[in-house]
Amino acid sequence: MAVPVAFFALFFAWPVASIVERGLRVDGVWQFGRFGETLSRPEILDVLWFTLWQALASTGLTLLIALPGAYVFARFEFRGKGLLRAVVTVPFVMPTVMVGTAFLALVGRGGLLDELWGVRLDTTVWAILIAHVFFNYAVVVRTVGGLWAQLDPRQEEAARVLGASRWKAWRTVTLPALAPSVAAAALMVFLFTASSFAVVQILGGSTYSTLETEIYRQTVVRFDLTTAAVLTMVQFVAVGVVLAVHARTVRRRETALRMVAPEEAARRPRGVGQWALFAAVLLSVALLIVLPLGVLVERSFATSHGYGLDYYRALQTPDPSGTFLVPLLDTIGNSLRYAVVATLIALVIGGLAAAALTLPRSRLRSRGGTPTAGRLVRGFDALLMLPLGVSAVTVGFGFLITLDEPPFDLRASWILVPLAQALVGVPFVVRTMLPVLRAVDERLREAAAVLGASPWRAWREVDLPLVRRALLIAAGFAFAVSLGEFGATVFIARPDSPTLPVAVARLLGRPGELNYGQAMALSTILMVVCAVSLLLLERLRTDRTSGEF
Amino acid sequence: MLVLDGATVRFGERAALDAVDLEVADHEIVSVLGPSGSGKSTLLRVVAGLQALDGGRVLLGGADQRGVPAHRRGVGLMFQDHQLFPQRDVGGNVAFGLRMRGAGRAEQTERVTELLDLVGLPGAGRRSVAALSGGEQQRVALARALAPRPRLLMLDEPLGQLDRGLRERLVVELRQLFGRLGTTVLAVTHDQGEAFALADRVVVMRDGRIAQSGAPVEVWSRPASEFVARFLGFDNVVAARVTGPVAETAWGKVPVPDGSPQGERRLLVRPGGVRLVPVEEGPAWTVESRTFRGSHVAVRLRPVDGPPLDAELPLREVPGEGAAVGVEFRAEDVVVLADDIP
């Protein structure tokens, strides 16, 4: 457990604490009065209020649209289910910059809706909300649907036999069983949308600002570190509360449920109602997920004189304006290199953390277990999730001001980028590995030991074959989130080697058709990379043996 | 072969093993019998090196095993629920121990074939372990434990999960197999029938200590204490004052075998040692219930005062429920019990 703790202390706690200190301590005196002062400013209150309500609205909307989807994926058997599951997951592993870009292409100025009906939604809150639904659809489908698929339908049948109507049986048997997972999914969505950065930055324009974009603005544009520090603290506390609630619901979910293999519960849709539901879900997936992705691709080919590869070609030549020191195509290589290193770091740190979280458990169980130790483990578990909800901007900026002096003078080093990206990847690795590692029976290792296998050999012979699949899936997710990381990378990526999302954001920030087209082209390339890695993962995945994402 | 010398394991305040002394000779089959929580599984784990001792020693072949990790002890352990490796086929499971010892491929194949024949699953090497029935899994687990030729084979509830008929057949097969191979076996179980059928010697455990140890017949006919008696399923235990060849009890005067301990004691009457006679003198007993048990009928008798008495009667001698009867006891089915260890 020591290595992951040290990693988090050094590359998460320290940078964040330093930023907060720099903002709140002036001439060696803590300025806690700044809290009240800052939090009573009307524009800040507006930001807090908007952050809260857009996150709540996004969460509600996502649940509303995605829960029927979860049902369809859980209970219906149809051709192309695996492919469709991969399709709905693409947005989640897509860089948020690209999510913003895709919606800009759909609802923005000169976007598809603008061309067809003159409708523009960018700089309205609707664009942000829909983009959030697009992004988080998979969280609900995977978390809730995964459990739903394994719920024993005979429980519901038992209720029916006892005289409950179909609806009543669902409400009294299935819903209570699902409720904790719905709550867990809702909290995850809330967390993601409350700390959403790139989407709001791109679609919200100057009109809408969340906590995260405000921290960015205060830090970078206004250089008001005090306000940024106060906002970071507010975010930190809020995320802590949300995670505590999340940990509670996850624990509740560990109550025993009757599980069956997913294949047993799924069948083809029957009757008008079921087919209608099925069609509605397919339609919502088509409109909400396939359409934005499609438009993005279309825009990358649509030049002023018909379709062509102009934008892709432009990516190969150095930028004439000098913003980028290298041809944009190089950013793909940069991104891939960084992501590979970040994945390796995340796997090592996350793997160790997950192993540490499983080990004491099995040891405790044989000794009757103590509640304190269990709480400690869960606390560490929740702690690992913090980087998902805490401002990436703060982390990135924190890296710059803390890791610039010996012994950790890494500011000029390329390793800084993968380190920051790994921070976001670790929670995914832990989430994916943990259920599988917990499922490995300690006595299997003992059986191997008695048969003459040393501890290392036992791990290789028993654990590794069982977790290999989960390990690959974890690696895939870590790779995808590293590839898409934006908030922190935008600070620390060196100008001569920007990553793909950073380049896309810069292109979008500049006027001109060529820049816009190049952004779309780059995004398309990134999407293809993400989609291919995801499809490979989907082949490996089975609902039983992998985590919740 | 195996010597436990004051072996002690504590889980917090509770001692799972409390200064246990036990010896198992070469080629001997020893069954450890006890209720759950009596420390019998801990005993196996200590010998296997999966559980560290808090006191005492474990010796295998005369060598102290302190500091020797599980994978270097050269013992075999068959787990309660088999713990077959799910990602390997039957052959892969059986060959596992041989591979760990660096055996060559040819040797592995040969030994796997030999063992699968031995446990009655010839040609099952390529089958997936998930497709096996409970009894087959048990056989594979046994083959896997035997393959590396362990100097001591330990079985943890070897037949625990199987249904009754299969269990009774397998226990006979196991005993014959171990006899033929000359295996030294230490088995733990909570099922007395299994323990008595399998073992040369039975060890009854209670709260981390050994309550009684001896040949099956000896333990069965002379339970050392009320705990052992009740654990073996005898409920006819009553307080008694023993004077010479007779004991005064709530059930009246009961004859005891020669040389029984004297004074205030607990007394066991085996149900087979109860005979019904016509009511002559003294208070009558009432027949409370009758249960048909195939070769005999179990009858529960209620005295005027005192605990009920179970009797096993031949089929044709059974009176109707509610009948009033007199009772006689046979001295050879009466055991004066030693004091229970606290």
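**Close-ups of a predicted two-chain model**

**View 1. A salt bridge one helix turn long in chain B.** B:Glu114 and B:Arg111 sit three residues apart, or about one turn, on helix H3 of chain B, which covers residues 105-118. This is a predicted model. The two side chains, B:Glu114 and B:Arg111, pair up in a salt bridge, with 3.0 Å from N to O. Counted over all chains, the salt bridges come to 27.

**View 2. Where chain B meets chain A.** On the chain B side, 27 residues are in contact, and they meet 20 residues of chain A. About 2000 Å² is buried between the two chains, and carbon and sulfur atoms give 60% of that area. If you want three residues to zoom in on, try B:His71, B:Gln83 and B:Met100. Together they supply 28% of the area that chain B buries against chain A, more than any other three residues.

**View 3. Charged and polar pairs across the interface.** Four salt bridges are counted between chain B and chain A. One salt bridge joins A:Glu461 to B:Arg99, where the closest N and O atoms are 2.8 Å apart. As for polar contacts, six residue pairs turn up across the interface, with both residues at pLDDT 80 or more.

**View 4. The face that chain B turns to chain A.** Which elements of chain B give two or more residues to the side touching chain A? They are strand S1 (2-11), helix H1 (40-48), strand S6 (75-78), helix H2 (90-100) and helix H4 (134-146). H2(B) gives the most to this side, with four residues. Sorted by class, the side of chain B that touches chain A has 14 nonpolar, six polar and seven charged residues.

**View 5. The largest cavity.** Four cavities of 30 Å³ or more show up in the structure, and the largest of them holds about 560 Å³ of space. Its lining is made of 32 residues, with A:Thr96, A:Leu388, A:Ala392, A:Val424 and A:Glu485 nearest the centre.

**View 6. What lines the largest cavity.** In chain A, the elements that give two or more residues to this lining are helices H4 (81-93), H7 (125-150), H10 (198-203), H17 (371-389), H18 (392-402), H19 (416-439) and H21 (455-484). Which helix gives the most? That would be H19(A), with four residues in the lining. Broken down by class, the lining of the largest cavity has 23 nonpolar residues, plus seven polar and two charged ones.

Notes:
Residues numbered from 1 in each chain as written. Chains lettered and ligands numbered in written order. Predicted model: local features only at pLDDT ≥ 70, side-chain atom pairs only at ≥ 80, totals over all residues. Heavy atoms only, no water. 1 Å grid on protein atoms, 1.4 Å probe; cavity = no way out; pocket = protein on both sides within 12 Å on 5 of 7 lines; lining within 4 Å. Points joined across faces, edges and corners; volume = space filled by probe spheres on them. Nonpolar A, V, L, I, M, F, W, Y, C, P; charged D, E, K, R; others polar. Contact = heavy atoms within 4.5 Å. Buried area = accessible area lost by both parts, 1.4 Å probe. Polar contact = N/O pair within 3.5 Å; in protein donor to acceptor, adjacent residues only side chain to side chain.
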